[in-house]
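Thanks, everyone. Please have the sequence and the structure open while I talk.

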Amino acid sequence: MPTGKAVVVALLVTGAAGFIGSNLVRHLLQRWPDQRLVSFDLLTYAGHLANLADVIDHPRHRFLQGDIADREAVAAVFDQHDIDGVIHLAAESHVDRSILDPMAFVRTNVAGTVVLLQEATRAWGDRQDVRFHHVSTDEVFGALGSEGFFDEDTRYRPNSPYSASKAASDHFVRAWHETYGLPAVITNCTNNYGPYQFPEKLIPVVITRALAGEKIPVYGRGENVRDWLFVEDHCDAIGLVFERGTAGETYCIGGETEATNLELVRLLLDLVDAARGADPGTSAELIEFVTDRPGHDFRYAMDITRMRSELGWSPSVSLREGLARTVEWYLDHREWMADVQGSGHREFTDTWYEKR
Ligand SMILES: NC(=O)c1ccc[n+]([C@@H]2O[C@H](COP(=O)([O-])OP(=O)(O)OC[C@H]3O[C@@H](n4cnc5c(N)ncnc54)[C@H](O)[C@@H]3O)[C@@H](O)[C@H]2O)c1
């Protein structure tokens, strides 16, 4: 492991079979060559072993299926694997689903996080050579107008049940640091994209529907602005904060790449057309504007000064390059798509858009 403050031997990654988790496991196995890594994931509709296929049998990696809200199961992981570091990503992560079933978000994102915190403090006592890293979102800060940026001092103002549940989990992590002295760090990151993202989120929805020649739903007039970060840049940032971040602090991570949803979809469709040799503009005809999501935050954008000045991190992949790599990955992984599409999400999205 590179020189840093936190040096752990056995790392627990929760939510490891999801989009960011699976990319992170791959990244960390390379980044920290001496470390054991335990992946823990319930394998909900969003988690797939196919996401970990190439590392599942890695000699320093162990996958365990389990629920972060199940205290006995979590206790067993800490005790049986001598866990001395946690990177916590397990969550219900889809805003639309949180509007239909908020309690599932309270159970996993809030209660599940508290169970992890309880077991970490039980297993670790007041050890300071351990670390609990909570991976969170910029959505806890609410929405921006056309100006300004979120940073570590922005007040919390969650607007959706998803962001409210992530905000609550951030507060519990902070409270565990203040009350029990748990060496914890929190990262709040903007929208991620890249390989292995489940096809319910905007970018894989657009790619998979364009490839199938199906209508591409865009909320409202597509004017909402998001700051996009390529998932490998996020994994690198998580690694750095885990190694060198100061316990008790939060770190804002972003791509410094703002785009309206419509700009993003158009760029993506150009790349899809180019990748499969179709005439430019072919896929753009599939765009269909659908009724906006209730409480849809207008704009997110992140000021990453702390990451840049304290840890020397900044995003390395431009939006165009990252999207091109993502399109290529989806074109090369049609089997993976067929595999994960079978898990019922399509019924959810179709009903959701119909109801709107
Ligand atoms: N995707 C983004 O743009 C983004 C941005 C910032 C922060 N985040 C945060 O990063 C984390 C990962 O996001 P993602 O996009 O990879 O999500 P994801 O939905 O792809 O993955 C979540 C994983 O958690 C697992 N999980 C769900 N409930 C569980 C439970 N009770 N016990 C154990 N495992 C459970 C799922 O099976 C899945 O593998 C989340 O905490 C999310 O809030 C995501």
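Let's start with one residue. Leu-43 is partly exposed, because 15 other C-beta atoms lie within 10 Å, and a residue counts as buried only at 20 or more. Leu-43 sits in the loop between strand 2 and strand 3. Its backbone stands out on paper: phi is positive, about 55 degrees, although Leu-43 is not a glycine. Keep in mind that this is a predicted model.

There is another residue of that kind. Tyr-196 has a positive phi, near 70 degrees, and is a residue other than glycine. Its loop runs between strand 7 and helix 6, residues 202-212. Is Tyr-196 buried or exposed? Tyr-196 counts as buried, because it has 24 C-beta neighbours inside 10 Å.

Now the sheets. Which strands form the seven-stranded one, and in what order? The order is 3-2-1-4-5-6-10, the sheet is open, and the pairing is parallel. Strand 3, residues 61-65, and strand 10, residues 250-253, are the edges, each pairing on one side only. On average, neighbouring strands here are turned by 20 degrees against each other, direction ignored.

Take the strand 3 end. Strand 2, residues 36-41, pairs with strand 3 in the parallel sense, over five bridges. Within that pairing, Leu-37 stands opposite His-61 of strand 3.

Two helices to point out on this sheet. Helix 4 packs on it and touches strand 1 (10-14), strand 4 (85-88) and strand 5. The direction of helix 4 makes about 175 degrees with that of strand 4. Helix 5, residues 161-180, also packs on the sheet, touching strand 5 and strand 6 (184-189). Its direction makes about 155 degrees with that of strand 5.

Over to the strand 10 end. Strand 6 and strand 10 are parallel partners over four bridges. Ile-186 has Thr-250 of strand 10 as its bridge partner. Is this edge strand covered on one face or both? Both: Thr-250 and Cys-252 are buried on one side, Tyr-251 and Ile-253 on the other.

Cys-252 takes us to Phe-150. Phe-150 lies in the loop between strand 5 and helix 5. Why does Phe-150 count as buried? It has 24 other C-beta atoms within 10 Å, and the cut-off is 20 or more. Leaving out residues up to four places away in sequence, Phe-150 touches Asp-138, Phe-141, Cys-252, Ala-301, Met-302 and Asp-303. For scale, Glu-92 is 58 residues from Phe-150 in sequence and 23 Å away in space, C-alpha to C-alpha.

Next, the three-stranded sheet. Its order is 7-9-11, it is open, and its pairing is mixed. Strand 7 and strand 11 are the edges, each pairing on one side only. Neighbouring strands here are turned by 50 degrees against each other on average, direction ignored.

Where does the mixed pairing come from? Strand 7 and strand 9 run parallel over three bridges. Strand 9 and strand 11, residues 258-260, run antiparallel, over three bridges. For register, Asn-192 has Leu-229 in strand 9 as its partner. On the strand 11 side, Asp-227 bridges to Glu-258, and Val-225 stands opposite Thr-260. Strand 9, residues 225-230, is mostly covered, with five of its six residues buried.

A helix belongs in this picture as well. Helix 7 is mostly covered too: twelve of its 14 residues are buried. Among them are His-234, Cys-235, Leu-240 and Phe-242. What span should helix 7, residues 231-244, have? At 1.5 Å a residue, its 14 residues should span 20 Å, and the end C-alpha atoms are 20 Å apart, so the two agree.

Last stop, the ligand. How many residues surround it? The count is 31, and the closest are Gly-15, Gly-18, Ala-46, Gly-47 and Ala-91. By type, the shell divides into 14 nonpolar, 13 polar and four charged residues. Helix 1 (19-31), helix 4 (102-124), strand 5 (131-137) and strand 7 (191-193) each supply at least two residues of that shell. Helix 4 came up earlier, touching strand 1, strand 4 and strand 5. Strand 7 came up too, as an edge of the 7-9-11 sheet.

That's my tour. Happy to take questions.

Key: Residues numbered from 1 in each chain as written. Predicted model: local features only at pLDDT ≥ 70, side-chain atom pairs only at ≥ 80, totals over all residues. Expected span 1.5 Å × (residues − 1). Near = placed C-beta within 6 Å. Nonpolar A, V, L, I, M, F, W, Y, C, P; charged D, E, K, R; others polar. Pairing = 2+ DSSP bridges. Axes fitted to C-alpha atoms, helices over the stretch in contact; angles between N-to-C directions. Contact = placed C-beta atoms within 7 Å.
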